[in-house]
Amino acid sequence: MGTKDDLLRVAKEEFLTKGYHDASLRQIAAKCGSTTGAIYGYFKDKDALFREIVEEDLQQLRTITNASTAKYMEIDNLREAFENFSNYSSFGKALIDEQMQFYKFFYEHKDVFTLLLFKAQGSSFENFLKDFIHEDAENTIRIYQKMKNMDEIDIYARRILELMVENSTMAAATIFKENDTFEDAKPYLEAMTIYYLGSFIAFIKFNKEEL
């Protein structure tokens, strides 16, 4: 009879191969030399099993993103720092390096984020990417408001920022899918980061009243 760790290992392989929707608890149990009853002894259902596999890394991701947002919200001269952004400035290098470390985290937990991004259909995590984009957009909007010294922003600025975050995140997800290692992906991710940072900085400087 398989142990809980055996079940989790085999279940991860099954979910990666077949996706959540088509993965079979019966097959997982059989590969562990166990029964579906034994699985239910550990987990309420297939979704709970999937959650056990991804939850720890997902919580760590949330901690990283929340800490990053909090750090930028505490910088007094944040707008000036961004407006003077250069790939070669100390702030620019730190910003790009932080983003690369963020992407590297995905590769360090590649199986889990492959599950969340591409294999979660039918599970309670099937909207992971959509939810992540929404949360990241809200954090970006908070930073933008701080830079512009605004309590609220108009619907047009909000939508542009949402689209920037959505497009950059979808591009990163595609790069993640197409490249097996972080070293392979890094040149694409660096170029993409510089491109979207430039777009964000240009938007900070933009004043539609000047048109």
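**The largest pocket and the α9–α10 pair**

The largest pocket in this predicted model has a volume of about 910 Å³, where a pocket is an open set of points on a 1 Å grid over the protein atoms alone, reached by a 1.4 Å probe, with protein on both sides within 12 Å along at least five of seven lines, and the volume is the space filled by probe spheres set on the points. Of its 35 lining residues, those closest to the centre are Gln99, Tyr103, Asp136, Thr140 and Ser168, lining here meaning an atom within 4 Å of a point. Because this is a predicted model, local features need pLDDT of at least 70 and side-chain atom pairs 80 or more, while totals for linings use all residues. Residues are numbered from 1 along each chain, and side-chain values use heavy atoms, without hydrogens or water.

By class, the lining has 24 nonpolar, 9 polar and 2 charged residues, and α9 gives the most, with 8 residues; helices are DSSP runs (H or I, at least four residues) numbered from the N terminus.

Turning to α9 and its partner, the axes of α9 and α10 come within 10 Å and cross at roughly 175 degrees, and the two helices are therefore roughly antiparallel, a term for angles over 145 degrees. Their contact, meaning heavy atoms within 4.5 Å, includes Ser168 and Met164 of α9 and Tyr188 and Phe200 of α10, and its residues divide into 14 nonpolar, 3 polar and no charged.

Finally, Leu163, also found in α9, is partly exposed at a relative accessible area of 30%, that is, between the 20% limit for buried and the 50% limit for exposed, with a 1.4 Å probe and protein chains only.

How values were computed. Ala, Val, Leu, Ile, Met, Phe, Trp, Tyr, Cys and Pro count as nonpolar, Asp, Glu, Lys and Arg as charged, and the others, Gly among them, as polar. Axes are lines fitted to C-alpha atoms, for helices over the stretch in contact, and angles run from 0 to 180 degrees between N-to-C directions. Angles under 35 degrees count as roughly parallel, over 145 as roughly antiparallel, 65 to 115 as roughly perpendicular and the rest as oblique.
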